[in-house]
Amino acid sequence: MALLDASNAGKIPRTPQGVTPFQKLFGERYPDGAKWWSYMKREVIDPQRHLEPNPKKTEIEDFAALTEEVKQMTLDLGAAQVGIADFNEAITFTDAEDLGHKSVIVFLMPMDFDVMIDIGPKSQEDVHKTYFLLDELATRLATRISAYGYSASVQANRGEIPLPAYGQLAGLGELGKHGSLISPELGSAFRISAVSTDMPLVADGPADFGIDEICTKCHICSRFCPGEAIPAQKVDVNGMLRWQIDTPACHPHFLRLYGCKICLSVCPMNARGDKKAEYKDVAKDIREAKDAPGMLELINSRGDLKMEDFNEKAAKLTPEERELVWWEEPYPLRTANYDGLKD
Ligand code: SF4
Ligand code: SF4
């Protein structure tokens with residue numbers, strides 16, 4: 001059993017996010033639908049993320065019963081899986097606002113498997129739609145919690161907490177070698193969000209599903225990652241020994257491959273749930289492609305990736321225009337890797 005040990009965790013530096021000219025190339029290639037969902041999330045939903053508590057607080061006698069009620073509410077609102085974690089001040093981002101929260105309701109929404117394994121513009125629309133639906137769900141849930149007289153905040157991407165770690169702490173799965181949470185029910189084919197609150201809910205806590213052990217022996221995601229961004233071993237990240245992808249090495253490939261997701265697609269944990277039949281096609285691709293360049297060739301032969309177009313534009317950028325300023329603090333892995341961009 002090797003669950004994430006957070007007892008020595010320190011605050012986590014946030015992955016930098018700016019819009020460099022290199023990232024703009026990625027945004028420009030979004031289909032219109034993806035731009036629309038992205039606008040709805042950013043401009044309509046995100047500004048509502050902190051909910052003020054109802055000044056007339058409901059007297060709660062049984063928090064265990066309320067916890068079950070809140071979980072059912074989350075499922076009724078459209079989540080596929082839900083779990084509760086204790087809010088841990090140490091497992092927050094360095095620039096996180098101090099919310100004084102006690103509990104985190106974490107939930108998962110499945111991605112259509114066919115869309116998830118599609119590397120190209122079509123899947124971008126569905127990814128952005130799922131992010132919107134997740135945040136909309138979270139906002140509705142936070143609104144209902146605030147009506148009990150407790151403060152609640154939507155913890156979507158760019159919130160106060162790292163979502164995969166809280167997914168594990170809520171007993172929804174384990175962190176995989178590809179750096180994302182793996183659910184025993186949904187494999188890697190889902191997106192995650194959360195609501196934090198000062199409501200003292202009863203935590204589920206982490207559970208051992210045997211996934212970490214499988215990841216120590218399996219190397220499929222590392223083998224097919226075009227950026228060689230998935231190390232074979234765990235690394236110490238802010239006091240936690242964990243799987244950690246080399247984000248700067250992933251970054252250029254993530255941008256040119258429409259959000260990439262190859263590591264999520266090839267993960268055999270997808271075949272554990274009800275996607276066994278669909279995963280057979282991915283398994284066939286794995287056998288045919290053999291390695292990362294082979295997989296890229298296969299994907300490119302099927303889709304409309306317009307990689308040459310991206311590479312041509314990327315080649316005109318200066319090294320400074322491509323780079324984000326990566327974490328200011330020393331970080332175990334950071335090797336921005338532009339190999340394969342043919343420039
Ligand atoms: S998203 Fe792509 S480049 Fe990034 S780690 Fe996964 S497979 Fe590698
Ligand atoms: S592909 Fe294998 S090593 Fe990678 S996350 Fe999935 S199970 Fe773990």
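This is a conversation between a visitor and a guide about a predicted model.

Visitor: What kind of model is this, and how are its parts numbered?

Guide: The model is predicted, so local features need pLDDT of at least 70, side-chain atom pairs count only at pLDDT 80 or more, and totals for chains, interfaces and linings use all residues. Residues are numbered from 1 along each chain as its sequence is written, while chains are lettered from A and ligands numbered from 1 in the order in which they are written.

Visitor: How do you know that β1, β4, β7, β3 and β2 form a sheet?

Guide: Strands are DSSP runs of E of at least two residues, helices are runs of H or I of at least four, and both are numbered from the N terminus. Two strands pair if DSSP finds at least two bridges between them. β3 (103-110) and β7 (residues 190-197) have eight bridges, and three bridges join β4 to β7. Both counts therefore satisfy the requirement of at least two bridges. The five strands form an open sheet in the order β1-β4-β7-β3-β2, with antiparallel pairing.

Visitor: What makes β1 and β2 the edges of the sheet?

Guide: β1 (50-51) and β2 each have a single partner strand, so one side of each is left without a neighbour in the sheet.

Visitor: Which residues are bridge partners in β7?

Guide: Ser 196 of β7 is the bridge partner of Val 104, and Ser 196 is also the bridge partner of Ser 153. Ile 105 stands opposite Val 195 in β7.

Visitor: Why is Tyr 258 called buried?

Guide: A residue is buried if 20 or more other C-beta atoms lie within 10 Å of its own, exposed if 12 or fewer, and partly exposed in between, with C-beta atoms placed from the backbone. Tyr 258 has 24 C-beta neighbours inside 10 Å, and therefore counts as buried. Tyr 258 lies in the loop between α9 (247-256) and α10 (262-266), and its phi is near 50°, a positive value in a residue other than glycine.

Visitor: What makes Lys 261 buried?

Guide: Lys 261 has 22 other C-beta atoms within 10 Å, so it is buried. Lys 261 is also found in the loop between α9 and α10, and its phi is near 80°, again a positive value in a residue other than glycine.

Visitor: Why does Ala 90 count as partly exposed?

Guide: Ala 90 has 14 C-beta neighbours inside 10 Å, a value between the two cut-offs, and so counts as partly exposed. Ala 90 lies in the loop between β2 (81-86) and β3.

Visitor: What does Ala 90 touch?

Guide: Residues are in contact if their C-beta atoms, placed from the backbone, lie within 7 Å. Not counting residues up to four places away in sequence, Ala 90 touches Ala 6, Ala 9, Gly 10 and Lys 11.

Visitor: Why is β7 called mostly covered?

Guide: Eight of the eight residues of β7 are buried. Phe 190, Ile 192, Ala 194 and Ser 196 point one way from β7, and Arg 191, Ser 193, Val 195 and Thr 197 point the other way.

Visitor: What makes a set of residues a nonpolar core, and which members touch the most others in the largest one?

Guide: A nonpolar core is a set of buried Ala, Val, Leu, Ile, Met, Phe, Trp, Tyr and Cys residues joined through C-beta atoms within 7 Å. The largest nonpolar core has 80 residues, of which Val 104, Ile 105, Val 106, Tyr 166 and Val 195 touch the most other members. Helix α5 gives the most to this core, with nine residues. In soluble globular proteins, nonpolar side chains tend to be buried together.

Visitor: Which residues surround ligand 2?

Guide: A residue is near a molecule or strand if its C-beta atom, placed from the backbone, lies within 6 Å of it. Among the residues surrounding ligand 2 are Lys 177, His 178, Cys 215, Cys 218, Cys 221 and Cys 267. α7 (211-217) and α8 (220-224) are the elements that give two or more residues to this shell.

Visitor: Which residues come nearest to ligand 1?

Guide: Of the 14 residues around ligand 1, Cys 225, Cys 250, His 253, Cys 260 and Cys 263 come nearest. α9 gives the most to the shell around ligand 1, with three residues.

Note on methods
Two residues are in contact if their C-beta atoms, placed from the backbone, lie within 7 Å.
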